[in-house]
Amino acid sequence: MIVDADVHAVIPSIETLFPYLTAPWIEYVEQSGFKGPVDTPYPKAPTSARPGSGTSLQHLREQALDPLKVDHAIVNCSYAVESIHNPDTDIALARAVNDWLVAEWLDKEPRLRASIIVPSKQPAAAAREIDRVAADRRFVQLYLPVRSYLPYGKRHFHPIFEAAVRHDLVVGLHFGGAPGNPPTSVGWPSYYLEEYAGMAQAFQSQLQSMVVEGLFDRFPALRVTCVEGGFAWLPPFLWRLDKEWKGLQREVPWTKRLPSEYVREHVRFTIQPADLPPDPARLGRLVEQVGGEEVLLFASDYPHVHDDPPVQLLTPKIMGSNAAAFYGRIG
Amino acid sequence: MTIALPEQASTQPVQTALIDCDIHNSLPSEATLDKYLPERWRQHREAFASRAYHGLYYPLASQHAARTDAWPPSGMIPGSDLGFLREQLLDRWGMQYGVLLPLLSAGKQLNLEWGAAIARAVNEWQLAEWLEPEPRLRASIVVPYEAPDLAVAEIERVAKLPGFVQVELESRTHEPLGRRKYWPMYHAAAERGLPMAMHFGAQGGWPITGVGSPSFYVEYHAGQLTAFQDQVISLVTEGVFEQIPDLKFVLIEGGFGWLPPLMWRLDRAYAKLKAEVPHLRRLPSEYIREHMWFTTQPVEEPHEPRDFQVMLDDLAMDDRIMFSTDYPHWDFDAPDAAIPTSVAPELRRKIMAENARALYRL
Amino acid sequence: MARYVVARAEDLPPGTRKIVEVAGRQVGVFNVGGELFALRNRCPHQGGPLCEGRLAGRLEVEAPGEEWEFSREGEILRCPWHSWEYDIRTGQSWFNPARVRVRAYEVEVAGGSGLDAQPAAEVTAIAGTGLRTAGLSALRKGPYVAETYPVMLEEHYVVVEIDA
């Protein structure tokens, strides 16, 4: 089986969502000039789209699904509802995106699966949206932008994870997000390059939070993917977290195992971007250090451009059987 | 049948020369600095004292973040009693030199002039009560780093005094350290042949992660790695080293295991996004290898011991790694136990003393 | 096997400890609620003075937000350096890696004649230490074990047995 764990569907403009919004919302958009959550971190950078790519289903078929011969591809839509402060707009747009994903993508292409967009600033409302759409088993995952206004391990977010586990959905932490707080603990970087390379720190902070807050102790069936975050940073991060936890575990008494054990069991990583060492001979040891090929998932990240993954990473497990095993609703 | 432990407790000083690149001298009390403060600031201290970013604090795991055996018999707080520090650290381990990094919040004061006053008083205190009585010690110039003009003035003043080997910053600053605001400080340091030294700590007015405020001290402590990574990315990407070729930057108490993957990541990002940063002429990893130094504590503890050498090989910065204990803090690294015995003798010599000797001209 | 008097009984009331030099090593002797324990004053991590550490209880919580269970008050010894935690009764640490690694050294288990030294991973299977496991069964053993010694009260004296 071949599973592409990350392809992108882009909403060209807010008018695209009109068929999925009720009349008051259409009126609001038309009269306020609101363009949707376009205030996001993805500039027109060269990483945003490979040359000749496009945002239509036809492009996706011709340039990703068909050439790679995928059985399934998981569609992620990075529409930044988390950047919206109005609680009702947030909910309305999330619903509209999910309905659009069904109508324009899932219904039109049987190979596709999708991640549910939620109003993550409002965990109870997010849980209701999950409950609304989860009966459609083509939704296999939740989409949470890795950048958030509070670390996802905090108890505040439990309703989201409770709903995910109840519906056998994986939680996908995805590159990006526009929550309104700085991308780093030291303020706002000047360049997109910094934010692009620095996104790994957001993944580190989220994994750290989820582990030490006991999210996996509260929800032992929870599974998380780190999408478009790379993985070469993982070994030293886990060594350090394990080391610190040994002396400071008293503060987080619900954690019963080393942090690295929780990550090895509950978390998977897509391989784009891989941020690999320049020496290809080093790759084998890196894969061992992260816990073996079982923790890696193939993803094209179409249409974003990173690097072509080396052939050694394109094993049958990484290409599909890991995803089939990890996603309860695939395979 | 008796089986002895193969590692024997060391009661002798280590045989290799030893330089400790991270020692924390602390003030015995708030009033200690009064002697070094002008009257106007003495009164300010009594009436208003410290005013830093608030609501971002994480209680420590032990008092003063110290080893519980580092309390001097004199009753003073850990790190404040020079006599006990000599006995428990310098003499106990046979140290040739130690570099002081006081963590006294000058840089994070919201009242910038007050921060400058504290910095000046701390530097005077270091000179009088640490450097003058103890020839093995060297000190770091404390500066109000969020007010670069005031910081430059203090660097210019103190660089002329004996025994100060670098300029000290803390890692969580209000802007990423590569930003233009901080450049005057870097110029001032480089012109005087002084490295900049960024040490673990502080709060810069933001949540301590880029994804909001976490709950626990373990996240504050382990999460410092993300601040170190953010700062390295900023310093390199903003072209600080391209602008100031003589600048040296020491990263203290962040470890370094995270650095090789960061170099790989930054180099690949640069390859894709170089059009955004035409002021850079070299690969990010080249700037890092040429301009940066690291201290060892808290020493990395890979799951498999052989990965320590893999990490050193990935880093390829054998001349830039410097041993540190972080005395008197709880995550202290013992000179005879922290660096794995697998490290080759020549590299061990460099780590334990020679790299620091070269950088600080000891 | 040699037996050493390390203190008079009245010098070691409940809630106190003494660190003594005996048989070429430092040993900490503790009186916890009337029971006596002895451990080597050396943490297996980096060699810190383990017996100078703080004594704490055992905290157990099933999941965040649930009730905290506090037991074994004063029986968990926290190394003064990195705060690693050891059960004062057995020297056993209570955190653990994905794969239990037996350390390069072996810990001697005293408490009976004819017993060979056992690898660290098995030490708590040996009888004679009065091991109480209630409330700790959810945790797996760590690979680090601090050296412990049998200690007993004989008339007015506290006596430690050490294999020199």
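Let me start with a unit in chain A of this predicted model, where strand β4(A), helix α5 (residues 158-166) and strand β5(A) together make a right-handed β-α-β unit. The two strands of that unit, β4(A) and β5 (residues 170-174), pair in the parallel sense, and five bridges join them. If you would like one pair of residues to look for on the screen, take Leu142(A), whose bridge partner in β5(A) is Val171(A).

Now please stay with β4(A), because there is a second strand to consider, and ask which strand besides β5(A) pairs with β4(A). That strand is β3 (residues 112-117), which pairs with β4(A) in the parallel sense over four bridges, and here you can look for Ala114(A), whose bridge partner in β4(A) is Phe139(A). Between β3(A) and β4(A) the chain passes through helix α4 (residues 123-133), and this β-α-β crossover is right-handed.

Is β4(A), at residues 139-145, mostly covered or mostly open? It is mostly covered, since seven of its seven residues are buried.

Let me step back, then, to the chain as a whole, which has 11 helices and eight strands. Its radius of gyration is 19 Å, close to the 20 Å that the globule rule gives for 331 residues, and so chain A is as compact as a globular protein of that length. Its C-alpha atoms fill a box of roughly 55 × 45 × 40 Å along the principal axes, and 58% of the 331 residues count as buried. Finally, of the contacts in chain A with a separation of 6 or more, 82% are between residues 24 or more positions apart.

Conventions: Residues numbered from 1 in each chain as written. Chains lettered and ligands numbered in written order. Predicted model: local features only at pLDDT ≥ 70, side-chain atom pairs only at ≥ 80, totals over all residues. Rg over C-alpha atoms; globule rule 2.2 N^0.38 Å. Buried ≥ 20, exposed ≤ 12 C-beta atoms within 10 Å, placed from the backbone. Contact = placed C-beta atoms within 7 Å. Pairing = 2+ DSSP bridges. Right-handed = clockwise from strand over helix to strand, strands pointing away.
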